Amino acid sequence: MRIYKMPPVCFMQLFILVGLLFLTLGLAIPKPEDKKNRVIDKTLSDEEHYGKDEEHNVDYDHDAFLGDEAKSFDELSPEESRNRLGKIVDKIDKNKDGFVTQQELKEWIQFTQKRYILEDVDKQWKNHNPDKKETISWEEYKKSTYGYLNGIEEIDTNDDENTIAYKEMLQRDKRRWAAADKNGDNALSKEEFLNFLHPEETPEMRDIVIIETMEDIDKNKDGKISLDEYIGDMYPNAESDEEEPDWVKNEREQFSNFRDKNKDGFMDKEEVRDWILPDDYDHSEAEARHLVYESDANKDNKLSKEEVLDKYDLFVGSQATDFGEALVRHDEF
């Protein structure tokens, strides 16, 4: 399953802004993702949870529980790994009753998966809000991001290709800003700014993700996505004479058999929604349930710190390498 991690606009933003970097200062841009990553599917790891013979793969659990820290924990000694796990348990136990419930574990897993987004928002909030105000106005954001346009937003036939693309980005950002602006004051709080930067993370912003996805893929602007447009978005060599990889052939079958539900040869807005916004499975809840089941020795449907530490290899693992003194995120412990 391909994972949608960033808004579809990011790749184009990076391409254009590199060329116009000398024209604008102070813009922080999220790292672009593979153009194939359209699906907002909260898979918790690139690892398979169970192998072909239903053999359990603990690396999946490590990635789910630790997020981007999983590989760093592999460098810790068993003693240090257990020590740090104990401190994590204290943080997961929000009500401080000495136990971790399935809900608390689910919320922790969601936090670890979202941490890179929160860090990105913090960075960009500081860049765009040097005066540390409660909100950022659209005019302030537009000036710091699109100062090159000098207030001229309309596309002119005399504009060069880069300027046209830059103005299209501005118009898209303006639409996304309005959607994120819950109280309609044309300024965003930090929470609203997160929704603006990462609309895929907020249910109320999902329509914007669908619109932007269709705009990116629908090259002939007929309001629907053909098979050629769908494949072309994922596979740049679709029109070449070279043999297609198996995954491309599989995507053609996916389009015909599952994406195009009404079998008219196209994906409309609702079919695109079903594609990029699968909502039939909560990965975080399933993983939390799994970890409780595997670790709950007395079967009281909650975990004590001792029960978690007894299963530390399931939660964090350790290889006890020569790098046993390696430190992970000093500020968190």
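## A buried aspartate

The side chain of D218 reaches the backbone nitrogen of G223 at 2.8 Å. This is a predicted model. D218 sits in the loop between helix 9 (206–217) and strand 4 (225–226).

Does D218 count as buried or exposed? D218 is buried, yet D218 has no salt bridge. The nearest side chain of opposite charge is K221, 5.8 Å away. A salt bridge needs a side-chain nitrogen of Lys or Arg within 4 Å of a carboxyl oxygen, so K221 at 5.8 Å does not form one with D218. Neighbours within four places in sequence set aside, D218 is in contact with G223, K224, I225 and E229.

## The chain as a whole

How many helices and strands does the chain have? There are 15 helices and six strands. The chain has 333 residues, and 44% of them count as buried.

Now take the contacts in the chain with a separation of 6 or more. Residues 24 or more positions apart account for 65% of these.

## The largest nonpolar core

The largest nonpolar core has 22 residues. Which residues have the most contacts inside this core? They are F65, L85, L105, F315 and V316.

Several helices build this core. Helix 2 (58–66), helix 4 (78–92) and helix 5 (102–128) are among those that each supply at least two residues. Helix 13, helix 14 (305–310) and helix 15 (312–315) do so too. The largest share, four residues, comes from helix 4.

## F65 and a second core

F65 shows how parts of the chain meet. Leaving aside neighbours within four places in sequence, F65 is in contact with L85, I88, I92, L105, W108 and T112, and also with L291, F315 and V316. Apart from the largest core lies another, of 19 residues. I117, L188, L197 and I208 are among its members.

## Helix 13

Helix 13 covers residues 283–295, which makes 13 residues. From first C-alpha to last, helix 13 reaches 18 Å. That is close to the 18 Å expected at 1.5 Å a residue.

Which residues of helix 13 are buried? They are H283, S284, A286, E287, A288, H290, L291, V292 and S295. L291 also appears among the contacts of F65.

## Salt bridges

Side chains of opposite charge can pair when their charged atoms come close. The count here comes to 17 salt bridges. One of them joins D90 and K305, at 2.8 Å from N to O. D90 lies in helix 4 and K305 in helix 14, so this pair ties together parts that are 215 residues apart in sequence. D90 is partly exposed, at 35% relative accessible area. K305 is partly exposed as well, at 26%.

K133 and E140 meet in another salt bridge, at 2.3 Å from N to O. Here K133 is partly exposed at 35%, and E140 is partly exposed at 33%. E191 and K182 also pair, at 3.6 Å from N to O. E191 is exposed, with 55% relative accessibility. K182 is exposed too, at 54%. Which residues are linked in a network of salt bridges? R172, R175, E215 and D216 are linked in this way.

How values were computed. Residues numbered from 1 in each chain as written. Predicted model: local features only at pLDDT ≥ 70, side-chain atom pairs only at ≥ 80, totals over all residues. Heavy atoms only, no water. Expected span 1.5 Å × (residues − 1). Buried < 20%, exposed > 50% of the residue type's maximum accessible area, 1.4 Å probe, protein only. Lys, Arg positive; Asp, Glu negative; His and termini not counted. Polar contact = N/O pair within 3.5 Å; in protein donor to acceptor, adjacent residues only side chain to side chain. Contact = heavy atoms within 4.5 Å. Core = buried A, V, L, I, M, F, W, Y, C linked by side-chain atoms within 4.5 Å.
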